[in-house]
Amino acid sequence: MNLWNEFWNPVRVFLGLGALPETLTFVQISIRGVIVFIFTLIMVRMSARRSLARRTVFDSIFLVILASVLARAINGSSDLLPTIGGGFVMVAFHRLLALTAFYSHGFGNLIKGTAEPLIDEGELVHRQLRNTHITTHDLEEDLRLSLHAQDLTRIRSARLERSGGISFIEKNL
């Protein structure tokens, strides 16, 4: 017991565990930041790499909340170790939802959204453009960026994907 206290007390002081946020030193906040960075990197590596790369609203919300929670561990407004543990729980919950979406298309559409047609058989789908707040200028910009083309009449279909990107299929000429 005494040996444990001899080890743990300097660690508590070094990390500012149990200290009030306003009493944390630059060094303590910096070390907490490094620790949170390392654990966040582990958490992100544990999460589904493909889902985070796609950046659906589902993934973006998860990342914002995770960052907010873990920032509290750095600035001392929450205890360091329980907050990191809570981050791991959030990653596990995100993976559970993503796994459920993998097996249930309907659930996937619910939490990740659906692709919306913007051009169908060469015709603009004005209702969807209006609903998604995408102008023809936006479509032309994405067309230039993705296909290096300028003419929307070359496009058979375009969809606003769940990730927020626009995909184009050219007409067969």
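**Loops, sheet and ring pairs: a walk through the model**

Let's start in a loop. H133 sits between helix α7, residues 126-132, and helix α8. Keep in mind that this is a predicted model. What is the phi of H133? It is near 60 degrees, a positive value, and the residue is not a glycine. Why mention it? Because most residues other than glycine have a negative phi. Is H133 buried or exposed? Exposed: the relative accessible area is 68%, and the cut-off is over 50%.

There is a second histidine to show you. H148 lies in the loop between α8 and β3. Its phi is positive too, at about 55 degrees, and again the residue is not a glycine. H148 has 71% relative accessibility, so it counts as exposed. So helix α8, residues 136-147, has H133 in the loop that precedes it and H148 in the loop that follows it.

Now the overall layout. The chain has 8 helices and 4 strands. Along the sequence the pattern reads α-α-α-α-α-α-β-β-α-α-β-β. So six helices come up front, then two strands, two helices and two strands.

How is the sheet ordered? The order is β2-β1-β3-β4, the sheet is open, and the pairing is antiparallel. Which strands stand at the edges? They are β2, residues 123-124, and β4, residues 166-170. Each of these has a single partner strand, so one side of each is left without a neighbour in the sheet. As a general reminder, strands of a sheet pair through backbone hydrogen bonds.

Take the β3 and β4 pair. Strand β3 covers residues 155-160, and 5 bridges join it to β4, antiparallel. Two bridge partners are worth finding on screen. S157 has I169 as its partner in β4. R159 has S167 as its partner in β4. The two strands form a hairpin, with 5 residues between them. In that turn, G164 has a positive phi of about 100 degrees.

What lies across the sheet? Helix α8 does. It lies across β1, residues 116-120, and also across β2, β3 and β4. Against β4, helix α8 runs at about 75 degrees.

Next, the link between β1 and β2. G122 is in that loop. Which residues does G122 touch, leaving out those up to four places away in sequence? I155, R156 and K171. I155 and R156 fall within β3, residues 155-160. G122 is partly exposed, with a relative accessible area of 24%. Now look back along the chain to K112. G122 and K112 are 10 residues apart, and their C-alpha atoms are separated by 27 Å.

On to the rings. How many aromatic pairs does the structure hold? It holds 2. In one of them, the rings of F39 and F88 have their centres 6.1 Å apart, and their planes are at 85 degrees, so the pair is edge-to-face. F39 lies in helix α2, residues 26-46, and F88 in helix α5, residues 80-103, so the pair ties together parts that are 49 residues apart in sequence. Are these rings out in the open? Both residues sit in the middle class. F39 counts as partly exposed, at 31% relative accessibility. F88 is partly exposed as well, with a relative accessible area of 24%.

The other pair is F102 and Y103. Centre to centre they are 4.9 Å apart, with 90 degrees between the planes, and the pair is edge-to-face. F102 is exposed, with a relative accessible area of 66%. Y103 also counts as exposed, at 66% relative accessibility.

Last, the whole chain. What is the radius of gyration? It is 24 Å, whereas a compact globule of 173 residues would have one near 16 Å. The C-alpha atoms fill a box of roughly 80 × 35 × 25 Å along the principal axes. Buried residues make up 29% of the 173.

And the contacts? Of those with a separation of 6 or more, 51% are between residues 24 or more positions apart. The accessible surface comes to about 11,300 Å². Carbon and sulfur atoms account for 62% of that surface.

Definitions and conventions. Residues numbered from 1 in each chain as written. Predicted model: local features only at pLDDT ≥ 70, side-chain atom pairs only at ≥ 80, totals over all residues. Heavy atoms only, no water. Pairing = 2+ DSSP bridges. Contact = heavy atoms within 4.5 Å. Axes fitted to C-alpha atoms, helices over the stretch in contact; angles between N-to-C directions. Rg over C-alpha atoms; globule rule 2.2 N^0.38 Å. Buried < 20%, exposed > 50% of the residue type's maximum accessible area, 1.4 Å probe, protein only. Areas by Shrake-Rupley, 256 points an atom, 1.4 Å probe, with all protein chains shown as cover. Phe/Tyr/Trp six-rings, centres within 6.5 Å; stacked < 30°, edge-to-face > 60°.
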